[in-house]
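Colleague: I should like to learn how to read the features of a structure, one at a time. May we begin with a single helix and work outwards?

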Amino acid sequence: MNVLVLAVESVITMLLLIGTGYYLSARKWFNQVNSGLIAKLVTNIALPAYMLHFILTDFSRDKLMHLAPGVVVPIVSIVITMFVSFAFCKLLKVKDGRKGTFSSMFFNSNSVFIGIPLNLALFGAESLPYVLLYYFANTFFFWTLGVQLISKDGVGGNNSSGKTSFSAVAKKVINPPLIGFFLAVILLMLNVKLPDFLMSYFKFTGNLTTPLSMLFIGISIFFTGITSIKFTKDMLGILLGRFVIAPGIMILIVWFLPLPLLMKQVFVMQAAMPVMTNAPVVAKVNHADSEYAAIMVTVSTIASLFIVPIWMLIVQIIH
């Protein structure tokens with residue numbers, strides 16, 4: 001019961017931050033121009049710092065080397081889920097300007113801001129290495145393929161121009177958060193210890209990521225207009241992907257593999273998390289449909305209040 005309460009509290013905290021962004025927009029503190037500045041601040045400054053501090057603090061070279069083979073499981077699961085998202089995109093006839101964003105939200109999960117506290121509460125500190133393995137895979141796919149798919153929806157993307165140069169693709173894929181991610185891994189593998197003042201800077205700056213992302217989502221929802229939100233087939237498709245297909249694929253993969261029981265349970269829970277909170281920010285920076293992404297983050301986060309506890313019960317029967 002305590003675990004369930006903590007999971008609910010984590011979701012409510014995120015919803016309160018989203019509500020704050022909505023309220024402040026109603027009070028005219030924010031407009032669509034400075035919301036774009038928030039998106040750039042998160043993507044170009046806060047997230048790279050977060051990657052550096054998070055990886056260099058919570059990992060060690062030996063731990064990474066020992067756990068590295070286990071990352072194959074979430075990679076396979078995410079890749080399969082990605083191809084399923086392409087099929088759903090065609091099946092549901094997702095309109096142009098949303099196809100890439102739809103797929104990205106379908107196969108990438110909120111493995112950090114909800115996934116980490118929930119798994120720590122459910123399984124204890126010994127689950128952290130497996131939580132971070134899924135985080136590695138999820139982060140890599142979001143900031144490479146996920147970002148590229150979302151960028152296709154934006155002005156000047158593949159959907160609008162038909163062709164994209166290699167350099168344009170590289171600029172989308174090689175982005176500041178991914179650079180921060182790989183830089184952190186390189187420093188970790190080389191056993192490089194950064195000065196305390198620099199790590200403190202990365203910590204404080206990185207801590208801006210979650211609140212600013214949530215505020216941005218609230219701002220986006222305000223300017224979209226709650227009354228204009230219509231529940232569409234593709235929105236249902238994303239919820240199905242996040243809470244049924246992604247964890248379902250994961251549970252089919254791990255069920256028969258000779259993996260530690262705790263690893264299996266953590267991977268399934270990580271796959272069952274709501275839409276990644278950075279999706280609206282990336283959509284805004286790439287001039288895609290950030291309102292659509294913001295709505296799906298909010299809807300999936302609310303839905304997780306009711307669906308995640310079910311998966312918490314299901315993982316108990318995994319063997």
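Modeller: Let us begin with a helix and its length. The expected span of a helix is 1.5 Å times one less than its number of residues. Helix α12 (residues 209-224) has 16 residues and should therefore span 22 Å, and its end C-alpha atoms are 22 Å apart, which agrees. Helices here are DSSP runs of H or I with at least four residues, strands are runs of E with at least two, and both are numbered from the N terminus.

Colleague: Where do these coordinates and residue numbers come from?

Modeller: The model is predicted, so local features need pLDDT of at least 70 and side-chain atom pairs count only at pLDDT 80 or more, while totals for chains, interfaces and linings use all residues. Residues are numbered from 1 along each chain as its sequence is written, and side-chain values use heavy atoms, with hydrogens and water left out.

Colleague: How many residues of α12 are buried?

Modeller: A residue is buried under 20% relative accessible area, exposed over 50%, and partly exposed in between, with a 1.4 Å probe and protein chains only. Twelve of the 16 residues of α12 are buried, so the helix is mostly covered. Among them are Thr209, Leu212, Met214, Phe216 and Ile221. Just after α12, glycine 225 takes a positive phi of about 95°.

Colleague: Which residues other than glycine have a positive phi?

Modeller: The general idea comes first. Most residues other than glycine have a negative phi. In this chain, lysine 28 has a phi near 70°, and lysine 93 has a positive phi of about 55°. Lysine 28 is in the loop between α1 and α2, whereas lysine 93 is in the loop between α4 and α5 (99-107). Lysine 28 counts as exposed because its relative accessibility is 73%. Lysine 93 is likewise exposed, with a relative accessible area of 70%.

Colleague: How does one describe the packing of two helices?

Modeller: One fits lines to C-alpha atoms, for helices over the stretch in contact, and takes the angle from 0 to 180 degrees between N-to-C directions. Helix α4 and helix α7 (residues 128-153) pack at an angle of about 30°, and their axes are 9 Å apart. The crossing of α4 with α7 is right-handed; this term applies if the near helix is turned clockwise from the far one by less than a right angle, and left-handed if anticlockwise.

Colleague: Which residues of α4 and α7 make the contact?

Modeller: Contact means heavy atoms within 4.5 Å. From α4 come Pro74, Ile75, Ile78, Val79, Met82 and Phe86, and from α7 come Leu133, Tyr134, Ala137, Asn138, Phe141, Leu145 and Leu149. By class there are twelve nonpolar residues, one polar and no charged. Ala, Val, Leu, Ile, Met, Phe, Trp, Tyr, Cys and Pro count as nonpolar, Asp, Glu, Lys and Arg as charged, and the others, Gly among them, as polar. There is a general reason to look at the spacing of such positions. An α-helix has 3.6 residues a turn, so residues three or four places apart point the same way.

Colleague: Is serine 77 of α4 buried or exposed?

Modeller: Serine 77 is in helix α4 (residues 72-91) and counts as buried because its relative accessible area is 2%. Leaving out residues up to four places away in sequence, serine 77 touches Ala246, Ile249, Met250 and Ile253. Threonine 81, also placed in α4, is buried at 2% relative accessibility. With the sequence neighbours up to four places away set aside, threonine 81 touches Phe106, Phe107, Ala246 and Ile249.

Colleague: Which residues lie far apart along the chain but are listed with a distance in space?

Modeller: Threonine 81 and glycine 241 are 160 residues apart along the chain, and their C-alpha atoms are separated by 7.8 Å. Leucine 24, in helix α1, and leucine 215 are 191 residues apart, with 8.9 Å between their C-alpha atoms.

Colleague: What does the chain look like as a whole?

Modeller: The chain has 16 helices and zero strands. Of its 319 residues, 55% are buried. Among contacts with a separation of 6 or more, 88% join residues 24 or more positions apart.
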